[in-house]
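Please open the structure in your viewer and keep the sequence panel beside it. This tour suggests what to select at each stop and then describes what is found there.

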Amino acid sequence: MYRDVPPEHAFVYDTAKDDDSDKCCCSSPRSEVISTPKSTENLAAEVKESTTQHENNINESQDTAATTSEEPPIENVDFKVIYNKQKISVNFALDGTVADLKTHLQKIISVPQAMQKVMFKGLAKDDQTLRNLGVTKGAKVMIVGSKLDDVLAVSIPTKQELNDEAVSSASKEPLSQQKIHRKVLDKGIPEDVMPGILDSKEPLPEFPLAGMLNKSGGKVRLTFKLEQDQLWIGTKERTDKIPMNSIKGVHSEPIHDHPEYHIMAIQLGTTEASRYWIYWVPAQYISAIKDAILGKWCYF
């Protein structure tokens with residue numbers, strides 16, 4: 001029933017069968033070996049992509065946070081400053097304070113910050129902002145204050161008086177005997193001047209020193225605002241507020257025929273012409289005045 005197969009054919013058949021079996025058996029492991037590196041590369045790529053995406057998300061979050069934390073832009077307002085009949089256009093931060101505005105205006109109108117008063121619906125306080133005051137576009141803000149030159153105007157000597165003073169200084173003539181000062185002293189002691197006490201040192205009183213005279217013979221009073229670091233020089237016409245740190249020096253000498261009083265010069269500038277002269281200053285307050293203005297070891 002079955003045919004006999006020649007031996008050589010059977011060998012060939014078996015060999016072919018074995019070859020097919022080998023191919024079949026070996027195909028699976030070979031496929032696994034080839035696919036394993038490919039899977040690792042895919043995994044690495046996926047991890048890298050995930051990491052990159054995560055970093056991008058972090059950067060986007062940081063950018064968003066930075067944008068959120070940025071301060072809003074400064075809002076400015078245009079208005080007019082009225083000073084000494086001048087109209088000055090000013091552009092300033094709406095949330096800036098009055099003190100900041102004074103500092104800004106000092107360079108424009110040449111009035112020291114401490115000597116400025118800002119008027120807008122009344123006297124403005126230094127810590128108020130323009131927004132708080134209600135300053136809007138086109139508003140008018142008034143500034144009141146005196147330049148140092150204006151303060152000195154009542155005490156500026158003539159050219160002849162400067163020559164007389166130079167001659168007297170060269171000869172070391174006492175101030176109270178110099179012609180430039182005798183014109184005021186010869187009027188006599190003012191009736192309302194405070195009593196002078198010789199050989200005594202007293203602290204500054206809580207009230208202004210009044211009844212003294214300036215170079216033009218007008219009444220003058222001194223108020224020491226230590227909490228504001230200011231010296232107020234008051235006359236009948238006005239009160240000038242001088243920052244104490246702007247005063248260059250204080251010089252005084254006893255009046256030779258009334259030594260209980262002094263002639264005192266407040267040095268507001270660098271030249272002799274910038275001295276503000278005050279006459280009939282009570283002797284007992286001279287040291288305290290110099291201490292208040294210059295400090296205990298700075299006066300001469």
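The domain bounds used on this tour come from an automatic or database domain assignment, and the model itself is predicted.

**First stop: the four-stranded sheet.** Begin by selecting strand β1, residues 76–83, together with strand β2, residues 86–93, and notice that the two pair in the antiparallel sense over eight bridges. As a general point to keep in mind, the strands of a sheet pair through backbone hydrogen bonds, in either a parallel or an antiparallel manner. To follow the pairing residue by residue, pick N76, which stands opposite A93 in β2, and then V77, which has F92 of β2 opposite. Where the two strands join in a hairpin, two residues lie between them, and one residue to select here is N84, which takes a positive phi near 50°.

Now widen the selection to the whole open sheet, whose four strands come in the order β2-β1-β4-β3 with mixed pairing. Which strands are at the edges, pairing on one side only? They are β2 and β3. From one strand to the next, the twist averages 35°. Add helix α2, residues 98–109, and you will see that this helix lies across β1, β2, β3 and β4 (140–144), while running at about 135° to β2.

**Second stop: the seven-stranded sheet.** Move on to another open sheet, in which seven strands follow the order β8-β7-β6-β5-β11-β10-β9 with antiparallel pairing. The edge strands are β8 (239–243) and β9 (249–255), each of which pairs on one side only, and neighbouring strands of the sheet are turned by 30° against each other on average, with direction ignored. For one pair in detail, select β5 (209–214) and β6 (219–225), which run antiparallel and are joined by three bridges; within this pair, M212 stands opposite V220 in β6. Then show helix α7, residues 286–294, which lies across β5, β6, β7, β9, β10 (258–267) and β11 (275–282), and runs at about 175° to β9.

**Last stop: the largest pocket.** Finally, select K102, Q116, D126, Q228 and K241, which, of the 14 residues that line the largest pocket, are the closest to its centre. The space in this pocket comes to about 280 Å³. Which elements give two or more residues to its lining? They are β3 (117–119) and β7 (230–234). If you colour the lining by class, you will find five nonpolar, four polar and five charged residues. Colouring by domain instead shows that domain 1 (76–151) and domain 2 (174–294) each supply at least three residues to the lining of the largest pocket.

Note on methods. Residues are numbered from 1 along each chain as its sequence is written. This is a predicted model: local features need pLDDT of at least 70, side-chain atom pairs count only at pLDDT 80 or more; totals for chains, interfaces and linings use all residues. Side-chain values use heavy atoms; hydrogens and water are left out. On a 1 Å grid over the protein atoms alone, a cavity is a set of points where a 1.4 Å probe fits but cannot get out, and a pocket is an open set with protein on both sides within 12 Å along at least five of seven lines; lining residues have an atom within 4 Å of a point. Grid points are joined across faces, edges and corners, and a volume is the space filled by probe spheres set on the points. Ala, Val, Leu, Ile, Met, Phe, Trp, Tyr, Cys and Pro count as nonpolar, Asp, Glu, Lys and Arg as charged, and the others, Gly among them, as polar. Two strands pair if DSSP finds at least two bridges between them. Axes are lines fitted to C-alpha atoms, for helices over the stretch in contact, and angles run from 0 to 180 degrees between N-to-C directions. Contact means heavy atoms within 4.5 Å.
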